[in-house]
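Dear colleague,

I am passing on the structure we spoke about, and below it you will find my notes on what turned up in it. Please read them with the model open beside you.

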Amino acid sequence: MAFNWFGAAADPIKSFEFRCDRCGGIHSGSPSFANEAPYSYYELTNDERTTRARLTDDTCVIDKDSFFIRGTLEIPIEDAEDPFCWGVWVSQSEESFKRYLETFQDDQTGDGSFGWLAITMPGYRRTASHEQIEHLACNVEWQGKGQRPLIFPHECDHPLYTDVTDGITWDRAIELAQMVMHPQ
Ligand SMILES: [Zn+2]
């Protein structure tokens with residue numbers, strides 16, 4: 001006689017999906033939202049964005065002395081197969097930024113840098129609405145060719161650190177997704 005204690009105890013891992021009470025539709029797959037630029041880019045006027053900033057899909061330079069790269073912040077969802085993904089930007093020192101560009105076409109696994117989170121995120125601001133999220137110190141782990149760096153906030157009392165480390169519940173993931181898709 002055989003007992004599968006582990007199998008019996010574990011919840012099946014599912015693909016994230018929910019029926020949305022805001023729009024009535026079904027949203028399938030783990031949520032993935034991205035900031036197209038760092039926060040300070042959005043603070044510029046349209047003219048200034050042309051004259052003072054250089055923005056690509058992966059990098060941003062403002063006034064030739066503020067450097068940012070885009071990465072991914074993954075938040076595990078309880079019982080879901082894929083994490084909640086946020087496309088975010090972190091500031092970089094000039095030295096790190098140059099090395100990032102120089103090795104961009106290569107496998108960057110094992111390399112990394114320090115960065116300050118430089119975005120706004122619904123559901124995580126402790127400051128007023130539309131303000132930048134508190135500057136959070138992050139480790140930026142560079143990845144293989146063609147993959148964006150993974151971002152890990154340093155240990156602190158901010159809820160973002162706790163969520164990246166411990167994950168969030170299915171219900172909280174729904175709540176966050178709705179905040180982004182159907183702002184009120
Ligand atoms: Zn909806």
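A salt bridge, as the term is used here, is a side-chain nitrogen of Lys or Arg within 4 Å of a carboxyl oxygen of Asp or Glu. Please keep in mind throughout that this is a predicted model. By that criterion, a search of the whole structure finds 7 salt bridges, and I describe some of them before turning to the metal site and to two glutamines.

Salt bridges

Side chains of opposite charge can pair when their charged atoms come close. One such pair is arginine 52 with glutamate 48, whose side chains meet in a salt bridge with an N to O distance of 3.3 Å. Both of these residues belong to helix α3 (residues 46–52), where they are 4 residues apart, or about one turn of the helix. Arginine 52 is partly exposed, at a relative accessible area of 33%, and glutamate 48 is likewise partly exposed, at 25%. The pair does not stand by itself, since Glu48, Arg52 and Asp63 are linked in a network of salt bridges.

A further salt bridge joins the side chains of arginine 148 and aspartate 58, with 2.8 Å from N to O. Because arginine 148 sits in the loop between β9 (137–141) and β10 (150–153), while aspartate 58 sits in the loop between β4 (53–55) and β5 (59–62), this pair ties together parts that are 90 residues apart in sequence. Arginine 148 counts as partly exposed, with 28% relative accessibility, whereas aspartate 58, with 16%, counts as buried, the cut-off for buried being under 20% relative accessible area.

Arginine 99 and aspartate 111 also form a salt bridge, in which the closest N and O atoms are 2.8 Å apart. Here arginine 99 comes from helix α4 (residues 94–102) and aspartate 111 from the loop between α4 and β8 (112–116), so that the pair links distant parts of the chain, 12 residues apart. Both partners count as partly exposed, arginine 99 at 28% relative accessibility and aspartate 111 at 27%.

The zinc site

The zinc ion is coordinated by Cys20 (SG), Cys23 (SG), His27 (NE2) and His182 (NE2), at 2.1 to 2.3 Å. The arrangement is tetrahedral, because the 4 donor atoms around the zinc ion subtend angles of 102 to 119 degrees. Along the sequence, the spacing of the donor residues reads C-x2-C-x3-H-x154-H. Within this set, cysteine 23 and histidine 182 link distant parts of the chain, 159 residues apart, with cysteine 23 in the loop between β1 (17–19) and β2 (26–28) and histidine 182 in the segment after α6 (170–181). Cysteine 23 is partly exposed, with a relative accessible area of 43%.

Two glutamines in loops

Glutamine 108 lies in the loop between α4 and β8 and, at 5% relative accessibility, counts as buried. Leaving aside residues up to four places away in sequence, glutamine 108 touches Tyr100, Thr103, Trp142, Gln143 and Gly144. Glutamine 147, by contrast, is found in the loop between β9 and β10 and is partly exposed, with a relative accessible area of 48%. The C-alpha atoms of glutamine 147 and phenylalanine 104 are separated by 9.8 Å, although the two residues are 43 residues apart along the chain.

With best regards

Note on methods. Residues numbered from 1 in each chain as written. Predicted model: local features only at pLDDT ≥ 70, side-chain atom pairs only at ≥ 80, totals over all residues. Heavy atoms only, no water. Buried < 20%, exposed > 50% of the residue type's maximum accessible area, 1.4 Å probe, protein only. Donors = N, O, S within 2.8 Å, 3.2 Å for Na, K, Ca; no water. Tetrahedral: all angles 85-135°; square planar, octahedral: opposite > 155°, others 65-115°. Contact = heavy atoms within 4.5 Å.
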